[in-house]
Amino acid sequence: MAASSVGSIGYGFVARCPECVLVEVSLSEQTSELNPAVVARKILRTIDGQTDTKMSYTYSKHYFHYMVKSNLVYLCMAEQSFSRRNCFQFLNDIAGRFETSFGERGATAGQYEMNEEFHRIMQNQMEFFSKHRDQTHQVKEEIDQVKDLLSKGIEKVIDRGEQIDLLVDRSQELSRDSYSFRRTSTDLKRAMMCQNLKMILIMTGGVVVALLLILMMFCGFNLKGC
């Protein structure tokens, strides 16, 4: 039964440039988005097999890591979340085991010539390195998780602080508005009282003047006739 490629090494081969695959192991299922064997062979055709090197390619949320050693290409595929260091430790281990098992045969061997002999060994090592993850990488992941939790906690505190500040500002604004309204109401009352008093005075004055005129009409200008 194939192992899941989630958080693990899902594919690998040992090959010779430009297209001769000597051993191939696939633990991941082929999908419409990703066919590891096809992608790996495309990468193989671009590699200079004469120069020892290490390289990584990204494709469809996966990394394809390879190393060239003694004219042979050792390649594996894993999800982007899986440790790059673990992948190259696996490739180094496979290179050592392959050289111990076959010596220089890989330089002249044909297509899949070592597959029957080496397939089980390579599969076991893929599973081993998938389970025994790089401790440094695990510690880093745990630290990142803690940082993320702390960040989320701080963000919540900040958001809560902003909400409190907003409520305080609104409370102060309502208090100012209430004070302004009370002051405006008091001023309006005073203005209305003054206006009413003026009207009363005017009306009283009018009545007094009218009475004086009536008296003057009947009693004379000096009011001596009354």
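Me: Hi! In strand 5, what is the bridge partner of Gly12?
Reply: That's Cys76, in this predicted model. Strands here are DSSP runs of E, at least two residues long, and helices are runs of H or I, at least four, numbered from the N terminus.

Me: And over how many bridges do strand 1 and strand 5 pair?
Reply: Six, in the antiparallel sense, with strand 1 covering residues 9-16 and strand 5 residues 72-79. Two strands pair if DSSP finds at least two bridges between them.

Me: Nice. What order do the strands of the sheet have?
Reply: The order is 2-1-5-4-3, in an open sheet of five strands with antiparallel pairing. At the edges sit strand 2 (20-26) and strand 3 (53-59), each pairing on one side only.

Me: Which strands does helix 1 touch?
Reply: Helix 1 (residues 36-44) packs on the sheet and touches strand 1, strand 2, strand 3, strand 4 (62-69) and strand 5. Contact means heavy atoms within 4.5 Å. The direction of helix 1 makes about 40° with that of strand 1; axes are lines fitted to C-alpha atoms, for helices over the stretch in contact, and angles run from 0 to 180 degrees between N-to-C directions.

Me: Switching topic: where is confidence lowest, and where highest?
Reply: Lowest in helix 4 (residues 135-219), at a mean pLDDT of 65, and highest in strand 2, at 97. pLDDT is the predictor's confidence in each residue, from 0 to 100.

Me: Any ground rules for reading this?
Reply: Residues are numbered from 1 along each chain as its sequence is written, and side-chain values use heavy atoms, leaving out hydrogens and water. Local features need pLDDT of at least 70, side-chain atom pairs count only at pLDDT 80 or more, and totals for chains, interfaces and linings use all residues.
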